[in-house]
Amino acid sequence: MWRSRGKSTVRIHNTAAAAATNFSFKDIQQLCANDNTEAQNDDASTPHPSTPRRPSIFHRVRRVNFILRAFSSTRPEPPQPEPEPKPESNASPADQSEPSISIPGASNRIVVYFTSLRVVRSTFEDCRSVRSILRGFRVSIDERDLSMDGAFLEELNAILNQTEKTKLTLPRVFIGGRYVGGADEIRQLHEAGELKKYVEGLPAAEPGVCEICGGHGFILCDECSGSHKCYTEKGGFRSCTACNENGLIRCPSCSCAPL
């Protein structure tokens, strides 16, 4: 049988627990007051230089931004270069485009290079529109149809100083021997009322239609009868030198006669 454990009569005194049990709120306040008093005494007994409190990072960033804005607003802008003045010119579009192109001996008429073929509709419409505008002034017009005579193409290329491979647009208008332009330039001058000034002083066109050519400007060649071929007993057939490739010659009586 186990012997029953008896209750010990020895008492162990816990001084810390006792102290904690006897510790009151007044003692805590007293301890805090003592700590503050000791800290003040230490600061007073140990002198040290007073250091100013540095501003927070937020205030420093705001101050830097304010200084930068103030500097950028007061800084003078660099001088901008002044644009060069454009030379004033009262010249027409024809003078500005091709001022040196002219036809010698055509100072008393209008010369129009055009085509009567309908292969390219836009080109045909431009040629017809320009001819209609110029005919409205009732002045002498020399109409040179490139489709009727291939020599006109070579002549125009030589005047404009272009090669045969260069694409040539029609129509091309010369007034008083001076190059004016194409369809766009003629329409622009006509709408602005400036085209009338170009044709002033030119001789008036004869009324009616030429009785010999019917207004076409060409007649059949008398030597080859329009075949562009001549026959001789010694040489046989040869090309006619009096007409063009179509067997036609310019009408000698109407205003479209060659210069």
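# A guided tour of the chain

The structure holds 4 aromatic pairs, and one of them makes a good starting point. Select Phe-152 and Phe-218. The ring centres of Phe-152 and Phe-218 are 6.3 Å apart with the planes at 55°, so this pair is tilted. Colour the chain by position and you will see that the pair links distant parts of it: Phe-152 belongs to helix α6 (residues 151-160) and Phe-218 to strand β5 (residues 218-220), 66 residues apart. Keep in mind throughout that you are looking at a predicted model.

Are these two rings buried or exposed? Phe-152 and Phe-218 are both buried. Now add Arg-250 to your selection. Arg-250 lies over the face of Phe-218, 5.4 Å from the centre of the ring. Before moving on, select Tyr-113, Phe-174 and Tyr-179, which ring pairs link into a cluster.

## The whole chain

Zoom out and switch to the cartoon view. Along the chain there are 8 helices and 8 strands. There are 259 residues in the chain, and 27% of them count as buried. Turn on the surface next: the accessible surface comes to about 20100 Å², with 53% of it belonging to carbon and sulfur atoms. Contacts tell you how the chain comes together. Among those between residues at least 6 apart in sequence, 64% join residues at least 24 apart.

For an example of residues that are separated in sequence, select Ala-106 and Gly-177. Ala-106 and Gly-177 are 71 residues apart in sequence, and their C-alpha atoms are 4.5 Å apart in space. Ala-106 sits in the loop between α4 (93-97) and β1. With a relative accessible area of 0%, Ala-106 is buried.

## Salt bridges

How many salt bridges does a search of the whole structure find? The search finds 10. Three of them follow.

Start with Glu-143 and Arg-131, whose side chains meet in a salt bridge at 3.1 Å, N to O. This pair links distant parts of the chain, with Glu-143 in strand β2 and Arg-131 in helix α5, 12 residues apart. Glu-143 has a relative accessible area of 11%, so it counts as buried.

Next, select Asp-142 and Arg-144. Their side chains form a salt bridge at 3.0 Å, N to O, and both residues are buried. Add Glu-155 and Arg-250 to the view: Asp-142, Arg-144, Glu-155 and Arg-250 are linked in a network of salt bridges. You have met Arg-250 before, over the face of Phe-218.

The third stop is helix α7 (residues 183-192), where Asp-184 and Arg-187 lie 3 residues apart, about one turn of the helix. The side chains of Asp-184 and Arg-187 meet in a salt bridge at 3.7 Å, N to O. Asp-184 counts as exposed because its relative accessibility is 57%, while Arg-187, at 26%, counts as partly exposed.

## A patch on the surface

Bring back the surface and select Leu-117, Val-119 and Val-120. These residues form a nonpolar patch, with about 290 Å² of accessible area together. Look at Val-120 in particular, which is found in the loop between β1 (110-114) and α5 (121-135). The relative accessible area of Val-120 is 44%, so it is partly exposed.

## Backbone details

For the last part of the tour, show the backbone atoms. Most residues other than glycine have a negative phi, and most peptide bonds are trans. Here are some exceptions to look for.

Which form does the peptide bond from Leu-170 to Pro-171 take, cis or trans? The bond is cis, with omega near 5°. You can find Pro-171 in the loop between α6 and β3 (172-175).

Go next to Arg-138, in the loop between α5 and β2 (141-145). The phi of Arg-138 is near 60°, a positive value in a residue other than glycine. Arg-138 counts as exposed, because its relative accessibility is 65%.

Finish at His-228, in the loop between β5 and β6 (229-232). His-228 is not a glycine, yet it has a positive phi of about 65°. Is His-228 buried or exposed? The relative accessible area of His-228 is 18%, and buried means under 20%, so His-228 counts as buried.

Methods
Residues are numbered from 1 along each chain as its sequence is written. This is a predicted model: local features need pLDDT of at least 70, side-chain atom pairs count only at pLDDT 80 or more; totals for chains, interfaces and linings use all residues. Side-chain values use heavy atoms; hydrogens and water are left out. Rings of Phe, Tyr and Trp (its six-membered ring) pair if their centres lie within 6.5 Å; planes under 30 degrees apart count as stacked, over 60 as edge-to-face and the rest as tilted. Helices (H or I, at least four residues) and strands (E, at least two) are DSSP runs, numbered from the N terminus. Buried means under 20% relative accessible area, exposed over 50%, partly exposed in between (1.4 Å probe, protein chains only). A charge sits over a ring if NZ of Lys or CZ of Arg is within 6 Å of the ring centre and within 35 degrees of the ring normal. Contact means heavy atoms within 4.5 Å. Accessible areas come from the Shrake-Rupley method with a 1.4 Å probe; for residues, only the protein chains shown count as cover. Patches are made of residues with over 30% relative accessible area and no salt bridge: like charges are joined within 9 Å, nonpolar side chains (Val, Leu, Ile, Met, Phe, Trp, Tyr) within 5 Å. A salt bridge is a side-chain nitrogen of Lys or Arg within 4 Å of a carboxyl oxygen of Asp or Glu.
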